[in-house]
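Me: Please take one part of this protein and look at it closely. I would like a connected description of one sheet and the chain around it.

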Amino acid sequence: MIRRQFLGLLFVFLFIAPAWSVMFAQAGGGNIATFSTGNAEETVVISSGQHTSLGFDLNRNTTITSASFFIKPATTGSSVGAVDIDANADGVPEWSFNDTGYGDFGHQTLFATGNTSASLSINPNQGAVTNPDSPPFYLPSGSTVSSSSLEIGFSPTLIGGFYSTGYIHAVDKGDFNNDSNVDFALLSRTANVSSGNTTQPGQSSVAAFRVASYDNTTGITLSSWVTTCANATRIMAADVNGDSFDDVVGYAPADDQLCIHFTNTTSGGFEPQVNVTHVSTIIDLAFGDFTGNGLDEMVSIQSSGKVSVDQFSNRTNAFSNRDYTTVNIAGTTNPATLTHMLFAYFDGPNNNPSLIACQTNGAADVMFWSTSTGTIATGSSLTGVSSDAVVGDFDGDQDLDIVASTPNGHRSIENRGGAGWDGDSHNRLITLTNATVLDYDLDSASHLLIPNVGAVDANPATFTGNISAYGFQSGWNYDNRVRSQTTDVFEPWTSPRAIHFGDMDGDGSIEQLILAGEGSNHGVFISAYHRIGYDIDKDGAVDVEAGGYAGNGSNGLSPLMLQDTTGNFTTSLNVLSPGLPYTSDGYGTQMAAVNLSMHSITQGTFIFDNLDIRYVANFLVNSNPSLSGNLSNVLNQQMTAGSGTLHVPLHINTTSNGSVELFSPTVAYVDGAPNIALPPTPVLTLVDLEPDRVVIEWQPITEFGDDLLDFVVYRSVKGQPLNIEAPIENTFSNNTIDTGVQPGQSWTYWVQSVHSFGITSNISAPLSVTVPYPTPKSFIPNLTATDVPNDEGGAMNISWSAGDESIVEHHVFVLPSTFNDVSGQTTTITAEANATSVEITQDSTGAPLVDGTPYFVAAIGVDVYGNASKNVTAIGPIYTRNDTSLTTTLDVVYTDFTQNELTETVLLARTEGLVVEADLHQAGTAIANATLTLTITDDGDSFMLDMTTDETGHASLTVDALSSLGPIEAVGAMSLSVSYSGSEGDEQNQPLLGASTSQDAYGTVLVTITPDEPLPLQPNEQFETLLMVDAVDATQNAYLANLMVPWSATDAEGNETSNGVAEARGNELAVAGQGAYDGRLTVYLSTDPPAYYLPGMMASYAFESSPDTADNETNTTDETNQTTGPVFPDVTLPATVDCGTATYEWDSNATDVLITCTVTNPNPFDAMVSFSWKVIP
């Protein structure tokens, strides 16, 4: 810039020109077509920043009308790196090849970001773009590529590899953490498990299992060993208790023992094992939700053709039978001998699993659960199901088929759903030991995968064995035959021996868990099969592809690499280069972004590295983004008057040693040199400063002369230097309006005028401004807060109406005390601009909301600049509540008019009363002021009375006489109930569930039985007497008809002399029998049922004494020697048993609850009491 100003001043002094420039041209001119060397093409060698002199020899006193030449990389040797050409040595290049991502001149090793490597994530299950473009790299448009290479590796999201676990004997898959992804349970019969204690630790070899699972954060993890049945040979995953978490079942068939390890849903580990011994008749078993009830049942085949389904109970820690059936030999009623079974989701994953029970000869029957009958049902019959049969979907229709071996080959049995099963035998022998049917590459064509352990030498370093994949084919006379030739061969790890599979990360691809290893290094190899590729010409066809297992280099598994072995990459680049879209930079360089369409069947990341492309391209040196505009102006700025030759050198600067080629120069000129004067310096004035704009003016344009082209406006962050290569505006007006500002920003502005021939004014003095903030509009209208309904508490819903459009975020404050200012406070509760509500479980400090605590709520709107008002009006108090209704307990005691003489029956009588005492509480806390309703039901008529609990939760009610309730008969079976309708609660108290309790009662007829005492006896001590029977309530005399009264007569010592049953006739009860002097006649009323009542349900009357036949005898009784015998009571009061109120969960998996009962003897002497209870209420 200093040099340009000097030149301008020089022209002023030489030509005494005005403030604008004028070109004096004469007729004539010409064209220069060579460099100063006299050649039209030069190879320039740059070494240590130096090169031989090269430039243009111009005729003095001429005006250059156009100037250009070409530059290209040398075809041999190393690249010169970045290049720029400076024709006037002012430090501002006239041409440059040094933009981000351009790479070296003629040698591209960078991606468009300027980095030497790049990555791309791909997820075929996410979004609409399943084949994303790779990170681009630049090539000059129309360039010719001589060589190219690019390393592309793929690492899946699920990083697998080999995990050393020791020898694994059995595997099963399930979902032990309820994340809907597959986990694997691994059983080792020789697991090294820690034993001993902290002072003497040790290792023991036992049967144990561990779980392999995947987590997005931790990747694949293997749990610690958990010991199981000592002789376990199988491991099974089953949700035995229906909690949606699979449990682990170790199985020791030799001991008929199952060891169940329930998953701890809180800690994720396993509960102490529960050992169960099954019946010894079981031949084989499996677990699955056979009945569709949400529990995995044990399905087994047993001797004598029996098939059984059994469900586990947590209460009894045992299995109970749901149903069983017997498989008979076809065409007979003789039970079949079952030898093996297949249990799987044969009808697809959306249906219940079914069982195929098989016999030695391969005959098999399909068994399933009939939901209509609730029993095991028999479906199709199959043949040829060998003991080594493999289950899988080989025809891709989502149900499961069977491949079985035969003596002469193999048999494929296709499941055709509703059309039944169709088997086809083939003459190719195959080995099905540990084979698996799997669509491993997700191409909708399944394969039979057969492991081959190879030549095992106990040395893991000598790799051996493989997995062979065989396809299925069908022809005009055969279906689903296993091909004789492999479609693929995999070598995951040394000596693979079994394959298990499942989607461990939920991405739709199927991970394989392969048992492998030899010698001292056994374990599991985990990886999905990956198929990747790229399409360079984007015609939909993959140009380069690869398939196999993939990792990230850990656990012995490297990324899967894409390799262009045919040179297709270079060929395709040369074909595509001329037609690729390009962008031009300020120097006119046209660069095309090249990327590849990436393909993968699995989720993961592509890593792009070691890009290396050699190319040749021609670059025109003419225009430039600086104020000079083009090469012509730069040459004109150096023009001088006079005659002769003016040499203008070209300075070629590079970052590396090498060579470039310059060719085809052309410089057109006319006679007469331009007359150039220095324009005035703009003087800036701030006109307007608002939150959204800055307006600046300077002198009128008339002061800048007729050769004014425009003004260039620069802007930099305040305190940063001017960057003349990054103007923000070019304008012909004498002002600028900058709307690209934000409040709070500080900017510095400069302006420079631009004139013909690239002449510029001095840059103006800087003008610095700080953009002000707008006044915040924070008010939030219609703010409300309420408890979230129908929840379990601790949640609040806050809503509002939309505020000012300047609001970009809402800040909500929730505190346990009222407030009117939020200065200095922060909140964890925010909502986006268009939100009008938020549901919270924490206050604004992050503390959980506590039910019953008063909270106060305020909200403010924050503008895009983070400004907001701090003065608020809080609403409240607002309470959160647990809306779950609490269970209430109602205890009721009835006292009848007999004082509960019959302990098991409440007696009611029309003229007698009833006392009811109730206790209402919730988990031991009294419920006060609650209305309880007593309902007395008699022959369909109901009478209801209310009572209210006191502060202790107690309520009592006395009915003086049932007849006071209304027209009640009170005869026969009746019922009593007390009910509580519950409570809706209030804002601080939870709702309460209703409760009720009922009691059977019996309406009895009160009677009196009146004799004439003493009862007379005939000389032979026979008696006949009439007892008068009356109803206490005269309205009930009609009920005395057919009253049957048992009686017995006893002598003075209590020995029975006779008994019988007397029937009331009218109001008389005739009784006749053998009596005894000084004896007694006792009548009884039945208590089953107690249709009639008199106190004690019995009455006793005295017979007359014997006649006095010895009035003159002397009393010889020695009264002093008489012994007074014990006095026996007339009535023995019944004992009472009080067991309180117990809450019992009658669920098959509930835990037993202890019930304590108190026995009370109301008699003043010892008594023998017996009682019983019901096992099932």
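Reply: What follows describes one sheet and then the chain as a whole. This is a predicted model, in which local features need pLDDT of at least 70, side-chain atom pairs count only at pLDDT 80 or more, and totals for chains, interfaces and linings use all residues. Residues are numbered from 1 along each chain as its sequence is written, and side-chain values use heavy atoms, with hydrogens and water left out.

The sheet is open and consists of four strands in the order 22-23-24-25, with antiparallel pairing. Strands here are DSSP runs of E with at least two residues, helices are runs of H or I with at least four residues, and both are numbered from the N terminus. Two strands pair if DSSP finds at least two bridges between them. Strand 22 (282-288) and strand 25 (318-326) are at the edges and have a single partner strand each, so one side of each has no neighbour in the sheet. On average, neighbouring strands of this sheet are turned by 25° against each other, direction ignored; the axes behind this angle are lines fitted to C-alpha atoms.

Strand 23 (residues 297-302) and strand 24 (residues 306-313) run antiparallel and are joined by four bridges. Opposite valine 309 in strand 24 stands valine 299.

Now the chain around the sheet. Its secondary structure comes to three helices and 85 strands. Along its principal axes, the C-alpha trace spans about 195 × 90 × 65 Å. Of the 1177 residues, 45% count as buried, meaning under 20% relative accessible area with a 1.4 Å probe, protein chains only.

Methods:
Axes are lines fitted to C-alpha atoms, for helices over the stretch in contact, and angles run from 0 to 180 degrees between N-to-C directions. Buried means under 20% relative accessible area, exposed over 50%, partly exposed in between (1.4 Å probe, protein chains only).
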